[in-house]
Amino acid sequence: MKSLDPRVTRLPEISVPEQELSKSALDQFGTFEVFVKPKEGKPFQHEGSVHAPNLEMGYILAKETFTRRFSCSSLCVVATKEISVSPITDGKQNIYDILEKPIVERGENTPFEIYHLTKRGKQHVHVGSVEANSPLEAMHAARGFVHTDQIIFNIWAIPTAAIRFTASEEQNRWSTLPEKKFRDASDYKG
């Protein structure tokens, strides 16, 4: 009897233990990082990850997963493989003090979005955009976003073109109807 479950059908046959069958193309979905803007005027912050076959489906799943229980004003999604990550520092050491110098490349600059981790156990927060030739150059250019005594533990640099932002015509998805405030915690008295 043959199983219809793909996890079972790709297993090697019992009589041939060294046999390995390849996985089908859609057997493993890609990972996408989700960033949410809680209110207008606040920066995007990393909320978590979703698995999806493509960026657009990742956006839809992120909307369903991360914005159903609380209000937000915008959402953006990027493939995890597009994020360039700096080393993470220990204790009171700032990442900008140990970040290696980039090799300056000639060519056309592209925009990058920069996210900082300023507190252990918290999420990365968007601090601004820079133009650079490489992610490492973008990280160095982001030094200007740091306040004098602020310690940055880690930096993420993401090409702006790789991010799926909420389009202006989609903004009405995030507005809550005045008569439907059941999502707001303030509506429930303790």
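This briefing covers the fold, one helix, the nonpolar cores and three single residues.

The model is predicted. The chain holds four helices and eight strands. Along the sequence they follow the pattern α-β-β-α-β-β-α-β-β-α-β-β. Of the 190 residues in the chain, 34% are buried.

**Overall fold**

- Take the contacts between residues at least 6 apart in sequence: 64% of them join residues at least 24 apart.
- The exposed area of the chain is about 12700 Å². Carbon and sulfur atoms supply 53% of that area.

**Helix H2**

- H2 runs over residues 55-66, twelve residues in all. At 1.5 Å a residue it should span 16 Å, and its end C-alpha atoms are 16 Å apart, so the two agree.
- Four residues of H2 are buried: Gly58, Tyr59, Ala62 and Phe66. Seen down the helix axis, these buried residues fall within an arc of 100 degrees, so they line one face of H2.
- An α-helix has 3.6 residues a turn, so residues three or four places apart point the same way.
- The cover over the buried residues of H2 includes four strands: E1 (30-37), E2 (45-52), E3 (74-79) and E8 (164-165).
- At the start of H2, Asn54 comes into play. One of its side-chain oxygens reaches to within 3.3 Å of the backbone nitrogen of Glu56.

**Nonpolar cores**

- The largest nonpolar core has 14 residues. Tyr96, Ile114, Ala138 and Ile155 have the most contacts inside it.
- Two or more residues of this core come from each of these elements: helix H3 (95-98), strand E5 (110-117), strand E6 (125-132), helix H4 (135-141) and strand E7 (154-159).
- Apart from this core lies another, of twelve residues. Its members include Val50, Ala62, Cys72 and Leu75. Ala62 is also one of the buried residues of H2.
- In soluble globular proteins, nonpolar side chains tend to be buried together.

**Tyr96 and His116**

- Beyond its neighbours within four places in sequence, Tyr96 is in contact with His116, Met139, Ala142, Arg143, Val146, Ile152 and Ile155.
- His116 sits in strand E5. Its relative accessibility is 2%, so His116 counts as buried.
- The side chains of His116 and Tyr96 make a polar contact at 2.7 Å.
- Leaving out residues up to four places away in sequence, His116 touches Tyr96, Gln123, His124, Val125, Val127, Ala142, Phe145, Val146, Ile152, Asn154 and Ile155.

**Ala79**

- Ala79 belongs to strand E3. With a relative accessible area of 12%, Ala79 is under the 20% cut-off and therefore buried.
- Not counting residues up to four places away in sequence, Ala79 touches Thr31, Phe32 and Leu55.
- Ala79 and Arg164 are 85 residues apart along the chain. Their C-alpha atoms are separated by 9.3 Å.

**Gly144**

- Gly144 lies in the loop between H4 and E7.
- Its relative accessibility is 67%, over the 50% cut-off, so Gly144 counts as exposed.
- Gly144 and Val127 are 17 residues apart in sequence. Measuring from C-alpha to C-alpha, they are 10.0 Å apart in space.

How values were computed:
Residues numbered from 1 in each chain as written. Predicted model: local features only at pLDDT ≥ 70, side-chain atom pairs only at ≥ 80, totals over all residues. Heavy atoms only, no water. Expected span 1.5 Å × (residues − 1). Buried < 20%, exposed > 50% of the residue type's maximum accessible area, 1.4 Å probe, protein only. Arc of directions from axis to C-beta. Contact = heavy atoms within 4.5 Å. Polar contact = N/O pair within 3.5 Å; in protein donor to acceptor, adjacent residues only side chain to side chain. Core = buried A, V, L, I, M, F, W, Y, C linked by side-chain atoms within 4.5 Å. Areas by Shrake-Rupley, 256 points an atom, 1.4 Å probe, with all protein chains shown as cover.
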